Amino acid sequence: MARLISAVALLCLLVSSVAVANPVHTGYQQPAQEIIDIVDAAPAPGASISPNGDVLLILDYPALPTLVDLAANEYRLAGMRINPDNQTMSQSRYVSSFRLLNIADGSSRDIRGLPTNMRATGMSWSPDGKTIAFLNMEENGTYLWRIDVERGRASQWTKSAVNAVWGSQLEWSHDSQSLYTLLVDSKRGAAPQRSRVPAAPVVTESRGRSAPARTYQDLLADSHDVALFDYYFASQVARIDQRGRVHNLGNVGVINNISLSPNSEYLLVTELQKPYSYAVPHFRFARNTVVWDKAGKPVYTVVEQDVADNLPIGFDVVVPDRRSISWRNDADATLVWAVAGDGGNSRAPADVRDRVYQLPAPFSAEPKLLVELETRYARLLAADGETALVWERWWAERQERLWRISPDGDAEPVLVWERAYDDSYNDPGQPLTTTLENGRRVLLVDDGHLLLTGTGASDEGDRPFIDRRNLISGETERLWRSEAPYYERPWSLVDLENKVFLTQREGVDTPPDFYLRNLSDDSLTALTQTPHPMPHTLEITRELVNYERADGLAMSANLFLPAGYDQERDGPLPTIVWAYPREYRSAAAAAQVSGSPYRFIRISYWNPQFLATQGYAVFDAATMPIVGEGDELPNDTFIEQLIMNSEAVINYGVERGVSDRNRFALGGHSYGAFMTANVLAHSDLFRAGIARSGAYNRSLTPFGFQREERTIWDDPALYQRMSPFFAAHQLKTPLLLIHGTDDNNSGTFPMQSERLYQAVKGNGGTVRLVMLPLESHGYRARESVLHMLWETVEWLDEFVKNAE
């Protein structure tokens with residue numbers, strides 16, 4: 001084993017040298033017009049319902065940004081990417097226009113006074129439903145705006161700049177008279193400038209203290225990065241009153257979260273502490289979580305947490321201190337938190353993994369133990385002092401338990417259900433909540449019953465439902481279920497007494513629209529009517545297909561066929577399979593069907609559905625299950641299962657008569673790219689492959705990857721076997737590699753594609769590397785997306801469609 005570790009380490013060193021590629025100068029290219037029209041189609045609008053359910057805010061999103069947008073200033077600090085010019089998260093998705101829709105009659109109103117060239121984020125309704133707050137990103141700052149719902153008029157609320165580097169943090173007071181947020185420190189002065197002369201070497205050390213960490217990007221690199229982090233992430237907590245006056249609270253600090261108590265008397269504030277770490281991102285930095293009174297004075301310290309850079313590797317591992325700290329949603333000012341009973345180490349033996357406590361204001365009593373859990377605390381949702389639900393989960397076994405507790409009483413916890421959470425067919429759904437007049441969202445209990453909504457996964461696809469479940473007996477009544485030929489999902493409860501729900505319904509050729517669904521008389525009232533965004537794709541067909549792999553495991557995919565395709569006339573087509581591997585702990589869970597045959601066919605440019613316009617059959621979202629049952633872990637037979645999955649979809653396409661066995665391509669993004677390179681390296685099933693933004697050398701992610709918890713030192717052979725880089729000499733199938741030059745995803749460094757390109761090229765394989773400037777893990781600029789699509793079509797036409 002030591003020899004194998006040395007070999008892996010040597011190869012890792014060999015590929016770390018600078019690679020020189022053979023450049024191909026093409027400029028930005030564009031695919032056929034029918035593909036461009038798919039890219040430029042209007043995005044689907046979003047919506048946000050008012051607290052009392054009478055008004056719907058319709059959100060319109062712009063098309064793709066341009067390279068000019070992506071070229072905006074950006075700093076990469078502690079795992080975050082920010083725009084320093086306007087103090088926001090970098091490249092945030094924004095809303096370009098708003099509309100108001102009255103739910104009672106479906107009438108729509110425009111909003112006057114909205115900012116010119118609006119770039120809105122963080123929409124938030126006041127508890128009384130009369131005002132909508134939002135942030136507007138401008139070139140040199142981000143500012144707080146509000147909409148008077150009754151008048152249909154918008155105005156800037158305050159001239160003070162908001163600090164939105166952590167995202168939108170808007171906290172309404174319970175009386176709707178003021179709003180709490182984070183502001184840019186108006187006295188901070190000029191930004192730090194990097195000296196041309198280094199101030200000191202960057203020194204880190206370890207003296208026997210175990211500090212494993214997954215492969216993170218955008219970490220702090222030196223003292224200048226620390227100064228920038230302090231400068232841009234420091235905020236002033238402030239209350240903005242109705243007249244727009246700013247009331248500063250407490251001191252300026254690197255505050256990354258605020259949460260107002262339900263009665264608006266206290267603020268829960270989390271502030272990051274120095275020294276910061278160069279080894280882990282901000283979410284593992286040392287932090288203090290403190291309760292402030294409404295004047296900004298600290299009144300209770302919840303936890304002082306050290307830097308968490310020494311946690312064991314594992315998805316059930318947590319910090320040993322108080323964590324998951326929040327306000328109990330139904331109470332005036334009661335804190336809830338969890339503490340690990342196993343020290344946070346999921347591999348340590350323990351009968352109790354987590355204990356959940358609560359502590360009401362004035363925070364001077366001993367915390368009350370609410371429940372002891374055998375696995376990890378997930379969340380608490382209360383209806384009142386007599387009824388609350390507590391979820392616990394354990395990732396290793398994909399298990400979930402739900403308990404009913406009495407937070408203000410002494411009743412023993414009662415198990416509501418216990419289930420495998422990857423068993424979609426038996427998912428009971430999620431409980432509905434209701435909004436009280438003071439803005440609190442509480443668990444909805446209707447005469448001793450919960451209302452549950454879920455996706456309704458089944459052998460025939462997803463069919464969303466609404467159930468009514470008795471809290472005591474567990475007896476469940478199905479009130480409603482989505483029926484063919486539509487896919488309809490509950491959005492929000494509008495009227496409990498008459499069981500009226502806001503739903504969103506769509507059909508194969510009908511875009512999603514909002515409706516009122518009255519369960520009392522099963523009536524349906526349309527509220528919106530959205531035109532088809534890409535009518536030129538109407539005749540492309542989609543079918544949810546089912547097939548089996550060699551060991552009998554059921555599988556599925558969405559099959560897209562070109563418009564007007566006739567099997568007898570046109571014969572078998574060139575075909576692409578697009579997939580993403582997923583791990584399961586049981587074959588039964590892996591075999592379950594996902595998706596719906598009745599969803600709107602909005603042809604995607606991100607997945608290869610657009611290739612149906614170019615004469616290809618497309619198996620999109622083809623299931624790629626990796627199953628490990630009992631003592632066997634999924635990745636123990638990763639390669640073998642990938643090949644078995646690939647053979648299954650190929651055999652189905654050929655037997656169905658829509659696919660030519662000799663003209664199949666395989667593709668995927670991220671872990672799907674990793675899959676693609678592996679299948680091509682270990683089989684000759686495909687004529688070409690497309691791998692976007694993947695990781696191919698697992699020795700560069702030695703402390704785990706994806707859902708693999710074992711480190712390279714636990715099982716070096718596994719890391720080598722699963723790395724297509726080490727099989728690059730076998731990669732003879734033409735492979736197109738695409739990667740963003742600024743990828744920020746953990747483990748998928750751009751060098752992963754660069755090194756695989758060099759390895760395949762050096763071993764005489766056919767490979768093309770496309771590095772997209774300014775792009776991250778996903779590609780956003782219109783120019784980049786169009787070029788990616790052009791590269792895809794050109795590659796597949798050459799090596800698949802026109803292959804001999």
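In this predicted model, strand β33 sends its side chains two ways. Phe465, Asp467 and Arg469 point to one side. Ile466, Arg468 and Asn470 point to the other. All of these residues are buried. The back-and-forth pattern follows a general rule: in a regular strand, side chains alternate between the two faces of the sheet. Strand β33 covers residues 465-470, and 6 of its 6 residues are buried, so the strand is largely enclosed by the rest of the structure.

Which strands pair with β33? One is β32, residues 449-454, which pairs with β33 in the antiparallel sense over 6 bridges. Here Leu450 has Arg469 of β33 as its bridge partner. Another is β34, residues 476-481, joined to β33 by 5 bridges and also antiparallel. In that pairing, Ile466 meets Trp480 of β34. Strands β33 and β34 form a hairpin, with 5 residues between them. Gly474 sits in the turn and has a positive phi of about 85°.

Now move along the chain to an open sheet of 8 strands. Their order is β39-β40-β42-β41-β43-β44-β45-β46, and the pairing is mixed. Strands β39 (541-548) and β46 (767-772) stand at the edges. Each has a single partner strand, so one side of each is left without a neighbour in the sheet. On average, neighbouring strands of this sheet are turned by 20° against each other, direction ignored.

Helix α7, residues 638-656, packs on this sheet. The helix touches β39, β40 (554-561), β41 (573-584), β42 (617-627) and β43 (659-669). Its direction makes about 145° with that of β42. Helix α8, residues 671-682, lies across β41, β42, β43, β44 and β45. This helix runs at about 140° to β43.

Look next at one pair within the sheet. Strand β44 (residues 688-692) and strand β45 (residues 735-740) run parallel, joined by 4 bridges. Arg692 stands opposite Ile738 in β45.

Last comes a single loop residue. Ser126 lies between β8 (120-125) and β9 (131-138). Is Ser126 buried or exposed? Its relative accessible area is 0%, and buried means under 20%, so Ser126 counts as buried. What does its side chain meet in a polar contact? The partner is the side chain of Asp128, at 2.7 Å. Leaving aside neighbours within four places in sequence, Ser126 is in contact with Pro51, Thr131, Trp172 and Ser176.

Definitions and conventions. Residues numbered from 1 in each chain as written. Predicted model: local features only at pLDDT ≥ 70, side-chain atom pairs only at ≥ 80, totals over all residues. Heavy atoms only, no water. Pairing = 2+ DSSP bridges. Helix = DSSP H or I, 4+ residues; strand = E, 2+ residues; numbered from the N terminus. Axes fitted to C-alpha atoms, helices over the stretch in contact; angles between N-to-C directions. Contact = heavy atoms within 4.5 Å. Buried < 20%, exposed > 50% of the residue type's maximum accessible area, 1.4 Å probe, protein only. Polar contact = N/O pair within 3.5 Å; in protein donor to acceptor, adjacent residues only side chain to side chain.
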